Amino acid sequence: MPKQPATDLCGLFVRPNEVLKYQGSNLSFMGQNLASLAKTHGTPIYVYSKKRISQKIEKIKNAFQNNIGIHFAMKSNHNPKILQHIRSRGLGIDVVSGGEINRALECGFKPDQIIFSGVGKSQDEINLGVRKGIFLFNVESPQELERIGQIAGRQNKNVSLSFRINPDVNAQTHPYVTTGFRENKFGMDKSFIPELLRILKRYRKLKLMGLDFHIGSQLTDLKPFEDAVKKSIPLFTSLKNLGHAMTYFNTGGGIGISYKNEKTIDIDRYATQIQKLLKPLNCKILCEPGRFLVGDAGVLLTKVEYLKKTPHRNFIIANTGMHHLLRPALYDSYHHILPIKKSTRTTIVADVVGPICESSDWLAKKIKIPLPQMGDVLAICDVGAYGFVMANEYNLHPKPKEIVI
Ligand code: LLP
């Protein structure tokens with residue numbers, strides 16, 4: 001059972017953390033007054049904090065005493081200023097499309113900092129990656145390996161590879177973001193190995209350099225990571241014994257954050273366990289975190305358009321919704337919502353919904369919140385990962401703005 005969060009005077013729970021707190025009656029986000037940002041820039045708007053991202057980067061670096069190659073998963077946030085900031089902290093990047101390769105290069109990442117993941121890499125995307133000379137392709141199927149081999153041959157370029165393994169573990173997270181179970185489309189079962197090795201033999205330009213997995217997202221327990229590492233070690237060793245230059249072991253992304261005061265993975269323990277298990281391999285450890293680095297470094301500010309009280313339910317109708325933040329509609333996920341001005345008005349129980357013509361257009365259900373008025377601004381918390389990147393223009397609403405502080 002998650003522990004009950006602390007409540008403030010309004011009956012709302014406030015996260016006692018360094019990111020969001022009331023200073024006087026104003027909600028501040030990493031020390032910045034959100035009311036003045038909303039006034040200057042308008043709503044709806046995603047606000048990101050570079051300082052928070054730096055703190056999270058330091059947490060991983062310190063936990064591993066810098067002995068880790070961190071490749072930020074761009075799919076979680078592709079804002080150019082965020083990417084430039086992450087690059088300036090010395091991180092590499094993990095991409096999943098040609099579009100993301102181009103965005104990485106535009107933001108100053110060098111080709112040898114780019115890992116290319118993804119289950120459906122097209123001919124054009126592989127051509128681009130090979131031409132640019134990226135660091136590693138995470139291979140997801142024998143046919144993809146064959147395709148990379150042909151392209152490497154045509155371009156006469158050496159290409160470094162990692163095999164993405166499906167370790168068949170239960171990540172104990174939402175089924176839509178579980179990726180390392182045997183019934184998922186991701187990664188490769190160990191029974192694929194003989195075929196992969198036969199293909200490798202035919203393409204001189206290909207060099208197998210490591211193994212990787214990504215078992216799922218928003219993991220709150222360390223055990224699935226440990227299981228996945230343990231299951232992959234024998235394969236790593238046997239590939240090395242066959243003479244492959246096995247150098248990298250990539251544990252993917254997936255480290256969860258606390259959306260509702262739930263317990264999360266302790267990064268120091270994560271680092272200690274992974275390093276302990278991998279020590280005998282004498283390899284370089286890589287990882288591809290997204291949410292852990294940027295998740296709580298973003299808030300979405302929205303204005304209350306209407307308050308609609310039906311005999312059955314109170315609806316706070318906001319100027320943002322599932323088109324700007326899809327996570328609640330898609331995964332039933334929880335995002336904490338706070339008024340940016342502390343209020344002494346009576347607390348009501350309400351659903352926060354958007355303007356989209358669908359009943360799945362909700363941001364929060366049955367939350368306690370001080371009775372809002374038209375024009376009040378609310379902050380939707382922890383939207384730095386998989387927020388704006390999944391936004392769309394459904395109903396021809398424009399996408400929200402973004403600013404980086
Ligand atoms: N590496 C690979 C190969 C991935 O597929 C992913 C995420 C990551 C790294 C980064 O995972 P993270 O550290 O962020 O958990 N839209 C969903 C999440 C989808 C994750 C997809 N893959 C959500 O909003 O929860």
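This briefing covers the ligand site, the backbone geometry and selected residue positions of the structure. The model is predicted. Its ligand sits in the largest pocket, and the protein covers 90% of the 590 Å² of accessible area that the ligand has on its own. The backbone includes a cis peptide bond from T43 to P44, and positive phi values occur at Q172 and at L396.

**Ligand site**

- The pocket that holds the ligand is the largest pocket.
- Around the ligand there are 19 residues, of which S217, E288, R327, Y331 and Y386 come nearest.
- Sorted by class, this shell comprises 6 nonpolar, 7 polar and 6 charged residues.
- The side chain of E288 places an N or O atom 2.7 Å from a nitrogen atom of the ligand.
- For Y331, an N or O atom of the side chain likewise lies 2.7 Å from a nitrogen atom of the ligand.
- R291 approaches an oxygen atom of the ligand, with 2.8 Å between that atom and an N or O atom of the R291 side chain.
- Of the 590 Å² of accessible area that the ligand has on its own, 90% is covered by the protein.

**Backbone geometry**

- Most residues other than glycine have a negative phi, and most peptide bonds are trans.
- The peptide bond from T43 to P44 is cis, and its omega is near -5°.
- P44 belongs to the loop that runs between α1 (34-41) and β4 (45-48).
- Q172 is not a glycine, yet its phi is positive, at about 50°.
- In the chain, Q172 is placed in the loop between β9 (159-164) and α7 (193-202).
- Q172 counts as exposed because its relative accessibility is 51%, where the cut-off for exposed is over 50%.
- L396, also a residue other than glycine, has a positive phi near 55°.
- The loop between β18 (377-380) and β19 (401-404) contains L396.
- With a relative accessibility of 75%, L396 counts as exposed.

**Selected positions and C-alpha separations**

- N102 is part of helix α4, which spans residues 98-106.
- The relative accessible area of N102 is 33%, so this residue is partly exposed.
- N102 and G129 are 27 residues apart along the chain, and 9.6 Å separates their C-alpha atoms.
- P167 is located in the loop between β9 and α7.
- P167 is buried because its relative accessible area is 7%, and the cut-off for buried is under 20%.
- Between the C-alpha atoms of P167 and G118 there is a separation of 16 Å, with these positions 49 residues apart along the chain counted as their distance apart.
- N17 occurs in the segment before β1 (20-23).
- At 23% relative accessibility, N17 is classed as partly exposed.
- The C-alpha atoms of N17 and M30 are 9.9 Å apart, and the two residues are 13 residues apart along the chain.

Methods. Residues numbered from 1 in each chain as written. Predicted model: local features only at pLDDT ≥ 70, side-chain atom pairs only at ≥ 80, totals over all residues. Heavy atoms only, no water. Helix = DSSP H or I, 4+ residues; strand = E, 2+ residues; numbered from the N terminus. Buried < 20%, exposed > 50% of the residue type's maximum accessible area, 1.4 Å probe, protein only. Near = heavy atom within 4 Å. Polar contact = N/O pair within 3.5 Å; in protein donor to acceptor, adjacent residues only side chain to side chain. Areas by Shrake-Rupley, 256 points an atom, 1.4 Å probe, with all protein chains shown as cover. 1 Å grid on protein atoms, 1.4 Å probe; cavity = no way out; pocket = protein on both sides within 12 Å on 5 of 7 lines; lining within 4 Å. Sits in = over half its atoms within 2 Å of the grid points. Nonpolar A, V, L, I, M, F, W, Y, C, P; charged D, E, K, R; others polar.
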